[in-house]
Amino acid sequence: MVSSKTKAGWLNASWLKPLLWTILGLWLAVSLGLEIVFHRHAHFVFEQVFGFWAVFGFVGCVALCALAKLLRLLVKRPTDYYHA
């Protein structure tokens with residue numbers, strides 16, 4: 001067992017969170033910039049809205065996370081499930 005005095009590791013470093021937000025923001029800016037530059041051949045009218053695929057991806061990710069939380073309630077077992 002890890003004692004409370006040991007370091008949490010590089011994933012909990014104070015510099016990592018701002019760096020990840022910066023990378024995410026740059027990725028969003030690049031993807032939206034490429035949407036301006038390249039012409040897409042949309043099959044449906046709503047696909048022609050600027051930023052549609054970014055919003056679609058975000059909503060899909062949030063929906064998957066919410067679905068996973070609901071699914072966890074169905075398949076969750078007690079902590080001593082295998083010891084009984």
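In which helix does Ile23 lie? Ile23 lies in helix α1, and we will come back to this residue in the third view below. Please keep in mind that this is a predicted model.

**View 1. Glu35 and Arg40 meet in a salt bridge.** Let's begin with a pair of charged side chains. Side chains of opposite charge can pair when their charged atoms come close. Here the side chains of Glu35 and Arg40 do so, with 2.9 Å from N to O. The structure holds one salt bridge. Glu35 is found in helix α1. Is Glu35 buried or exposed? Glu35 counts as buried because its relative accessibility is 16%, and buried means under 20%. Arg40 counts as partly exposed because its relative accessibility is 33%. Setting aside neighbours within four places in sequence, Glu35 is in contact with Arg40, Val49, Phe50, Gly51 and Phe52.

**View 2. Glu47 is buried, yet it has no salt bridge.** Now look at another glutamate, in the loop between α1 (16-37) and α2 (52-75). Which side chain of opposite charge is nearest to Glu47? The nearest one is that of Arg40, and it is 5.8 Å away. A salt bridge needs a side-chain nitrogen within 4 Å of a carboxyl oxygen, so a separation of 5.8 Å does not qualify. Glu47 does have a polar partner to look for: a polar atom of the Glu47 side chain lies 3.0 Å from the backbone nitrogen of His43. Leaving out neighbours within four places in sequence, the residues in contact with Glu47 are Arg40, Ala42, Phe52 and Trp53.

**View 3. Six residues form a nonpolar patch on the surface.** Try finding them one by one: Trp10, Leu11, Trp15, Leu19, Leu20 and Ile23. How much accessible area do these residues have together? Their total is about 700 Å². Ile23, the residue from the opening question, belongs to this patch. Ile23 counts as partly exposed because its relative accessibility is 47%.

**View 4. Cys61 and Leu71 are both found in helix α2.** These two residues are a handy pair for comparing sequence with space. Cys61 and Leu71 are ten residues apart along the chain, and their C-alpha atoms are separated by 15 Å. Cys61 is partly exposed because its relative accessible area is 45%. Leu71 is partly exposed too, because its relative accessible area is 49%. From Cys61 you can also look across to Trp15, a member of the nonpolar patch. How far apart in space are Cys61 and Trp15? From C-alpha to C-alpha they are 25 Å apart, with their positions 46 residues apart in sequence.

Definitions and conventions: Residues numbered from 1 in each chain as written. Predicted model: local features only at pLDDT ≥ 70, side-chain atom pairs only at ≥ 80, totals over all residues. Heavy atoms only, no water. Helix = DSSP H or I, 4+ residues; strand = E, 2+ residues; numbered from the N terminus. Buried < 20%, exposed > 50% of the residue type's maximum accessible area, 1.4 Å probe, protein only. Lys, Arg positive; Asp, Glu negative; His and termini not counted. Polar contact = N/O pair within 3.5 Å; in protein donor to acceptor, adjacent residues only side chain to side chain. Contact = heavy atoms within 4.5 Å. Patch = residues over 30% accessible without salt bridge, like charges linked within 9 Å, V, L, I, M, F, W, Y side chains within 5 Å. Areas by Shrake-Rupley, 256 points an atom, 1.4 Å probe, with all protein chains shown as cover.
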